[in-house]
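Me: I'd like a close look at one part of this structure. Start from a single residue, then work outward from there, and keep the jargon explained as you go.

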Amino acid sequence: YKSQITGRTFILTGKRLSWNGKDAHIEYVTDDTARANALEALQKKLREQECISACNRHLSGDVDFTGSIKRILAEIGSYYGAQRCVLMEVDARQGRVRKLSRWTRETMDEYPQSMEFGLNDYLPLAQRMGKPDCRTTENVEQFKESDPALYAFLCGMNITNIRSASFELDDVRQAYLAVFNSDMTDPDSSLLSQIAF
């Protein structure tokens with residue numbers, strides 16, 4: 001039993017017995033939180049490794065790079081329980097970002113297949129793309145006051161949360177991987193940094 005209030009996990013066992021000639025019930029409660037948390041962390045790590053292995057399989061020996069990227073985005077999007085996953089090319093010399101590929105859980109014809117914008121159009125997004133670590137924004141509402149243009153851009157595509165990582169080549173930011181509308185409650189996005197690496 002996992003308590004929704006404390007977050008602790010318990011093993012409950014019990015039995016009926018006779019107590020001074022009357023029916024009774026005895027319940028034994030053991031705190032199992034440490035073992036349950038360790039098991040959950042191990043299962044998460046196993047799912048991560050399975051996803052990374054699947055992504056590696058898609059790339060190894062496949063001459064259809066575009067198809068491989070779509071399958072990798074599908075693996076990542078499925079892992080995070082996301083609505084969509086995109087890979088964007090970052091061209092710092094020209095100051096442009098363009099979508100290379102995307103995966104969506106459901107058909108999304110109302111959003112453009114191709115997308116391109118200037119790095120200076122959405123400075124918080126450009127700053128996010130320029131950082132080597134993984135980022136998780138659990139609620140895009142945080143941009144409502146600080147960057148209304150970015151907020152409108154994200155809300156216009158019905159994006160509520162983002163997980164992302166940037167890719168480097170020769171110490172230059174080359175690509176940006178973003179997972180939108182994940183239903184995973186764990187804010188850890190370390191899988192994306194492993195994929196980016």
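**Starting from one cysteine**

Reply: Cys55 has 4% relative accessibility, so it counts as buried (buried is under 20% relative accessible area, exposed is over 50%, and partly exposed is in between, using a 1.4 Å probe and protein chains only). Before going on, keep in mind that this is a predicted model: local features need pLDDT of at least 70, side-chain atom pairs count only at pLDDT 80 or more, and totals for chains, interfaces and linings use all residues. Residues are numbered from 1 along each chain as its sequence is written, and side-chain values use heavy atoms, with hydrogens and water left out.

How many disulfides does the structure hold? There are 0, where a disulfide is a pair of cysteine sulfur atoms within 2.5 Å. Cys55 is in none, and its nearest cysteine sulfur, on Cys51, sits 4.3 Å away. Cys155 is in no disulfide either, with the nearest cysteine sulfur, that of Cys85, 20 Å off. Cys155 has a relative accessible area of 29%, which makes it partly exposed.

Now for the nonpolar cores (sets of buried Ala, Val, Leu, Ile, Met, Phe, Trp, Tyr and Cys residues joined through side-chain atoms within 4.5 Å). The largest one has 23 residues, and the members touching the most others are Met88, Phe117, Met129 and Phe153. Two or more residues each come from S3, helix H3 (123–129), helix H5 (148–156) and strand S8 (172–180) (helices, H or I of at least four residues, and strands, E of at least two, are DSSP runs numbered from the N terminus). H5 gives the largest share, 4 residues. There's a second, separate core of 22 residues, and our starting point Cys55 belongs to it, along with others including Ile52, Ile72 and Val179. As a background idea, nonpolar side chains in soluble globular proteins tend to be buried together.

Back to Met88 in the largest core. Setting aside neighbours within four places in sequence, its contacts (heavy atoms within 4.5 Å) include Val97, Leu100, Phe117, Met129 and Tyr176. Lys99 is also on that contact list. Lys99 lies in strand S4 and counts as buried because its relative accessibility is 12%. The C-alpha atoms of Lys99 and Ser3 are 43 Å apart, with their positions 96 residues apart along the chain.

Strand S3 (residues 84–91) is worth a look too: 6 of its 8 residues are buried, so the rest of the structure largely encloses it. S3 pairs with strand S4 (residues 96–104) in the antiparallel sense, over 8 bridges (two strands pair if DSSP finds at least two bridges between them). One example is Leu87, whose bridge partner in S4 is Ser101. The hairpin of S3 and S4 has 4 residues between the strands, and Gly95 there takes a positive phi near 65 degrees.

What about charged pairs? The whole structure has 6 salt bridges, each being a side-chain nitrogen of Lys or Arg within 4 Å of a carboxyl oxygen of Asp or Glu. One of them joins Glu89 and Arg98, at 2.8 Å from N to O. Glu89 is partly exposed at 30% relative accessibility, and Arg98 is partly exposed as well, at 37% relative accessible area.

Another salt bridge joins Arg8 and Asp31, at 2.7 Å from N to O. This one links distant parts of the chain, 23 residues apart: Arg8 is in the segment before strand S1 (10–19), while Asp31 is in strand S2 (residues 22–31). Arg8 is partly exposed at 37%, and Asp31 is partly exposed at 40%.

Glu48 and Lys45 also meet in a salt bridge, at 3.3 Å from N to O. They sit 3 residues apart in helix H1 (residues 33–59), which means about one helical turn separates them. Glu48 is buried, with a relative accessible area of just 2%, whereas Lys45 is partly exposed at 42%. Both belong to a salt-bridge network with Lys44.

Last stop, the rings. There is 1 aromatic pair, counting rings of Phe, Tyr and Trp (its six-membered ring) with centres within 6.5 Å; planes under 30 degrees apart are stacked, over 60 edge-to-face, and the rest tilted. The pair is Tyr79 and Tyr80, edge-to-face at 4.8 Å centre to centre and 85 degrees between the planes. Both tyrosines, Tyr79 and Tyr80, are buried.
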